[in-house]
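Q: Please take a close look at the ligand site in this one. Once that part is clear, connect it to the rest of the fold for me.

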Amino acid sequence: MAEKTIGIIVGSLRKGSFSKKIANFLIGNAPEGCTLERIEIGDLALYNQDYDEGDSPASYAPFRNKVKSLDGVIFITPEYNRSVPGVLKNAIDVGSRPYGQNAWQGKPTLVISSSISNLSGFGANHHLRQSLVFLDMPVLQQPEVYLANVQNLFDDSGSLTNEDTANFLREVLDAYTKFVERY
Ligand SMILES: Cc1cc2nc3c(=O)[nH]c(=O)nc-3n(C[C@H](O)[C@H](O)[C@H](O)COP(=O)(O)O)c2cc1C
């Protein structure tokens, strides 16, 4: 297959974020022919619709152009108050506008959620999927990826040491890569 570039958007800005550790694992286990790279969202100013009619913050154009250049998008999100963190929703909104210039359109997508409880971010995962419908992003439906008790999966250096989860995530990447090839 032609080389594919997949962007990873992490819905946590926290230094020690488990979501970032999951992203690092995926980057280190990228299937052949696939480059995975983190796309930063922490410097995006809060979206304001007025920006669509005039000057917008300097961070917006490079972000939108980067998203447009991608062959696919992986969202890795924690759950905040049973939904997606505001920083992730802000990035989604920034990429979706101005109206008619949706940068996300048509990008094959993978959703991964996690939490430090048994809940595994199910609420965030499915709230995110609701936005992806309107953004016209085809989403890998199976396997679904909910990682519970994520704090137990890594060693002190941040490496994923739980073999079952590591094998599962490799299978997910394989399925997702095949999904991306269809678009
Ligand atoms: C504002 C806030 C709200 C949270 N709400 C939930 C929640 O609804 N469900 C849940 O399982 N964990 C919740 N948590 C705990 C997160 O699962 C935990 O902080 C996790 O480590 C965040 O992901 P990160 O490690 O990638 O930063 C919440 C944490 C914060 C800071």
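A: Let's start with Phe18, where a polar backbone atom sits 2.9 Å from an oxygen atom of the ligand. Bear in mind that this is a predicted model, where local features need pLDDT of at least 70 and side-chain atom pairs pLDDT 80 or more, while totals for chains, interfaces and linings take in all residues. Numbering runs from 1 along each chain as its sequence is written, and side-chain values use heavy atoms, with hydrogens and water left out.

Two side chains join Phe18 in touching ligand oxygens. Ser17 has a side-chain N or O atom 2.7 Å from one, and for Arg14 a polar side-chain atom is also 2.7 Å from a ligand oxygen. (A polar contact is a pair of N or O atoms within 3.5 Å.) On its own the ligand has 620 Å² of accessible area, and the protein covers 76% of that (Shrake-Rupley, 1.4 Å probe).

Zooming out a little, the ligand has 13 residues around it, and the closest are Ser12, Arg14, Ser17, Ser19 and Arg82; a residue counts if one of its heavy atoms lies within 4 Å. Sorted by class, that shell holds six polar, four nonpolar and three charged residues. Here Ala, Val, Leu, Ile, Met, Phe, Trp, Tyr, Cys and Pro are nonpolar, Asp, Glu, Lys and Arg are charged, and the others, Gly among them, are polar.

Now for the loops. Asn81 is in the loop between strand 3 and helix 3, and its phi is near 50°, a positive value for a residue other than glycine. Arg97 and Pro98 are joined by a cis peptide bond, with omega about 0°; Pro98 belongs to the loop between helix 3 (86–96) and strand 4. Gln142 and Pro143 have a cis bond too, with omega about 0°, and Pro143 is in the loop between helix 4 and strand 5.

As for the sheet, five strands make it up, open and parallel, in the order 2-1-3-4-5. Strand 2 (34–38) and strand 5 (145–147) are the edges, each pairing on one side only. Helices (H or I, at least four residues) and strands (E, at least two) are DSSP runs numbered from the N terminus, and two strands pair if DSSP finds at least two bridges. Strand 1 (residues 4–10) has five bridges to strand 2, with Lys4 partnered by Cys34.

Helix 4 (residues 122–134) lies across strands 3, 4 and 5, at about 155° to strand 4. Contact means heavy atoms within 4.5 Å, and angles, from 0 to 180 degrees, are between N-to-C directions of axes fitted to C-alpha atoms, for helices over the stretch in contact.

Note on methods. A polar contact is a pair of N or O atoms within 3.5 Å; within protein, one must be able to donate a hydrogen and the other to accept it, and residues adjacent in sequence count only if both atoms are side-chain atoms.
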